[in-house]
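Here are some exercises to work through with a model open on your screen. Try each task before you read its solution.

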Amino acid sequence: MIKLYLSIEEHLLTDEKPSKYLDEIGVKEEFSKHPFVLIKRLKEVGQSPKYHAEGNVWNHTLMVVDEAAKVKHESSDEKVFMWASLLHDIGKAVTTKVRKGRITAYGHDTAGERMAREFLSCFTDDIKFIDSVALLVKYHMHMLYVLKDLPFKDMKGMRRDVDIFDVALLGFCDRLGRKGSDYETEKTNMENFSKKLGV
């Protein structure tokens, strides 16, 4: 199991498009075992077609990982950033529901923090690394929360727990990892978020 984990990490850090390798291993038997199954389940999780024309969470995640690979050098820690990009929506597997005819995943960011810790703890006892990834997963929606002034935002916690620019960068990749996304619009959103936070 550790061999697969390290192989994923190597591809996340070195590939121009890590999605190619992830798609390859996504059909292997080992990927169906715990804890990899926590990621594999994303193949079965639908998303609102209004916001995610690319389809299920797995498709979205692969797109986000490829976007993250393009900008990882701008992050404060490439390993943390790339693992957070892979695990950012892991919580959707347990929070996605149909409410009034709409597919929603309320709270997937906080559920994702817990699940990211569970996943990574199977392979490493580096608490600082686990915390850094899990907290980036927890706050990955905050660019949207702040720009739309939503009540879910936790400005104090975000400032305390994570590198604000990393949150902005992951939010940028998350928004670009959708079919039909507009680069200039998302770049402006990232810049506006950074300005609001004084980054």
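What follows is a set of four tasks, each with a worked solution.

Two notes before you start. This is a predicted model, so local features need pLDDT of at least 70 and side-chain atom pairs count only at pLDDT 80 or more, while totals for chains, interfaces and linings use all residues. Residues are numbered from 1 along each chain as its sequence is written, and side-chain values use heavy atoms, with hydrogens and water left out.

**Exercise 1. Work out the fold pattern of the protein chain and how compact the chain is.**

Step 1: Pick out the helices (H or I, at least four residues) and strands (E, at least two), which are DSSP runs numbered from the N terminus. You should end up with twelve helices and two strands.

Step 2: Put them in sequence order, and you get α-α-α-α-α-α-β-β-α-α-α-α-α-α.

Step 3: Take the radius of gyration over C-alpha atoms and compare it with the globule rule, 2.2 Å times the number of residues to the power 0.38. The chain comes out at 16 Å, close to the 16 Å that the rule gives for 199 residues, so it is as compact as a globular protein of that length.

**Exercise 2. Find what share of the residues is buried and what share of contacts joins residues at least 24 apart.**

Step 1: Call a residue buried under 20% relative accessible area, exposed over 50% and partly exposed in between, using a 1.4 Å probe and protein chains only. Buried residues are 51% of the 199.

Step 2: Count a contact when heavy atoms lie within 4.5 Å. Of the contacts between residues at least 6 apart in sequence, 62% join residues at least 24 apart.

**Exercise 3. Check the backbone at proline 35 and aspartate 149.**

Step 1: Start from the usual case: most residues other than glycine have a negative phi, and most peptide bonds are trans.

Step 2: Go to the loop between helix 2 (19-25) and helix 3 (37-40), where proline 35 sits. The peptide bond from histidine 34 to proline 35 is cis, with omega near 5°.

Step 3: Move to the loop between helix 9 (142-147) and helix 10 (155-161) for aspartate 149. Its phi is positive, about 50°, although aspartate 149 is not a glycine. This residue is exposed, at 56% relative accessible area.

**Exercise 4. Is glutamate 67 buried or exposed, and which residues does it touch?**

Step 1: Locate glutamate 67 in helix 4 (residues 57-71).

Step 2: Read off its relative accessible area, 18%, which makes glutamate 67 buried.

Step 3: Skip the neighbours within four places in sequence, and glutamate 67 is in contact with Cys173, Leu176 and Gly177.
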